[in-house]
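Reader: I am new to this structure and would like to look closely at a single part of it, the loops. Please take me through them slowly, and relate what you find there to the rest of the chain.

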Amino acid sequence: YSQDSYGFGLIWGIPLGDYFNVYFGYKLDQVSIGGAAKKQMAFLFRDMFTSALQFMFAFDSRNDRMFPTHGIYTMISTEIDPIFMGSNENFLKLSHNFRFYHPIFWKFVYRVNFDLGWNRQLDNKELPYSERFKLGGVFSLRGYPYSSIGGEPIGVSDNGSSPVSRLHPYIIGGDKKIVINNEIEVPLIEKMRLKFVTFLDIRNA
């Protein structure tokens, strides 16, 4: 399949004291799907236009936003994509991100990232491919190819009308995700911000 995506977003933030922030946002996205997958599974691989409102609440006690060694960052987010604002379908998206940083000994720092997500289609239809969670890659599950994890793959043939055509596995993703990234970090050359990191990643989608 092929996928073309474009859009834009705006976010406004309001500080509530030293550690708390509230954010309000608007996001517009257009996703176009092509290829054999769309022809054979149009109920899943469908074009999507979303116009969304976002609400976020964050707590941040990190000692450094770029290179923290101590503290907590957590954000709870709600996104609503209603038809009355121009979206093709009604969606509700919930997410929670939690990060913890703690010095162990000398300059070794333990870091954990805990990421939860749940996307819901509110019109009694299958959640479209573009709104599903696919894990893998440096930003979610290291050691796996990008978007290679997410439920059981579905076979799509080269030619849907031929019984002998080859099947290609597609990872269609899931409506929920959980990712836990554990790291121990130690600086090698502090002036260059060069660090050594060992990690353990856990996931489900």
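Author: To place a residue in a loop, one first has to know what lies on either side: helices are DSSP runs of H or I with at least four residues, strands are runs of E with at least two, and both are numbered from the N terminus. The model is a predicted one. In these terms the protein has one helix and 10 strands, and from the N terminus on its elements follow the order β-β-α-β-β-β-β-β-β-β-β. The C-alpha trace spans about 65 × 40 × 25 Å along its principal axes, and of the 205 residues, 38% are buried. Among contacts with a separation of 6 or more, 54% are between residues 24 or more positions apart.

A good place to begin is the loop between strand 5 and strand 6, where Trp-106 is found. Most residues other than glycine have a negative phi, yet Trp-106, which is not a glycine, has a positive phi of about 45 degrees. Its relative accessible area is 66%, so Trp-106 counts as exposed. In the loop between strand 6 and strand 7 lies Asn-124, with a positive phi near 60 degrees in a residue other than glycine. Asn-124 is exposed as well, at a relative accessible area of 79%. A positive phi also appears in the hairpin of strand 9 and strand 10, where four residues stand between the strands and Arg-193 has a phi near 55 degrees. The two strands of that hairpin, residues 176-189 and 194-204, pair in the antiparallel sense over 11 bridges, and Val-179 is placed opposite Arg-203 of strand 10.

The loop that holds Asn-124 also holds a residue with a contrasting setting. Glu-131 makes a salt bridge with Lys-93, and their closest N and O atoms are 2.5 Å apart. This pair links distant parts of the chain, since Glu-131 is in the loop between strand 6 (109-121) and strand 7 (154-157), while Lys-93 is in strand 5, 38 residues apart. With under 20% taken as buried, Glu-131 falls on the buried side at 11% relative accessibility, and Lys-93 is likewise buried, with a relative accessible area of 11%. The two do not stand by themselves, for Lys-27, Asp-29, Glu-79, Asp-81, Lys-93 and Glu-131 are linked in a network of salt bridges. Lys-93 also lies over the face of Phe-91, at 5.7 Å from the ring centre.

Another charged pair joins one loop to another. Glu-89 forms a salt bridge with Arg-46, in which the closest N and O atoms are 2.7 Å apart. Glu-89 belongs to the loop between strand 4 (71-81) and strand 5 (91-103), and Arg-46 to the loop between helix 1 (36-40) and strand 3 (48-60), so that distant parts of the chain, 43 residues apart, are linked. Glu-89 is buried, at a relative accessible area of 5%, and Arg-46 counts as buried too, at 14%. Arg-46 also appears, together with Phe-45, among the residues in contact with Ile-33. Ile-33 and Phe-45, in turn, are two members of the largest nonpolar core, which has eight residues in all, including Tyr-129 and Tyr-170. In soluble globular proteins, nonpolar side chains tend to be buried together. In total, 16 salt bridges are counted.

A last loop makes its link through aromatic rings. Tyr-19 and Phe-59 form a tilted aromatic pair, with 5.8 Å from centre to centre and 45 degrees between the planes. Tyr-19 lies in the loop between strand 1 (2-16) and strand 2 (20-34) and Phe-59 in strand 3, so the pair ties together parts that are 40 residues apart in sequence. Both sides count as partly exposed, Tyr-19 at 43% relative accessibility and Phe-59 at a relative accessible area of 21%. Ring pairs join Tyr-19 and Phe-59 with Phe-20 and Phe-57 in a cluster.

Technical notes
Residues are numbered from 1 along each chain as its sequence is written. This is a predicted model: local features need pLDDT of at least 70, side-chain atom pairs count only at pLDDT 80 or more; totals for chains, interfaces and linings use all residues. Side-chain values use heavy atoms; hydrogens and water are left out. A salt bridge is a side-chain nitrogen of Lys or Arg within 4 Å of a carboxyl oxygen of Asp or Glu. Buried means under 20% relative accessible area, exposed over 50%, partly exposed in between (1.4 Å probe, protein chains only). A nonpolar core is a set of buried Ala, Val, Leu, Ile, Met, Phe, Trp, Tyr and Cys residues joined through side-chain atoms within 4.5 Å. Contact means heavy atoms within 4.5 Å. Rings of Phe, Tyr and Trp (its six-membered ring) pair if their centres lie within 6.5 Å; planes under 30 degrees apart count as stacked, over 60 as edge-to-face and the rest as tilted. A charge sits over a ring if NZ of Lys or CZ of Arg is within 6 Å of the ring centre and within 35 degrees of the ring normal. Two strands pair if DSSP finds at least two bridges between them. Lists of a residue's contacts leave out its neighbours within four places in sequence.
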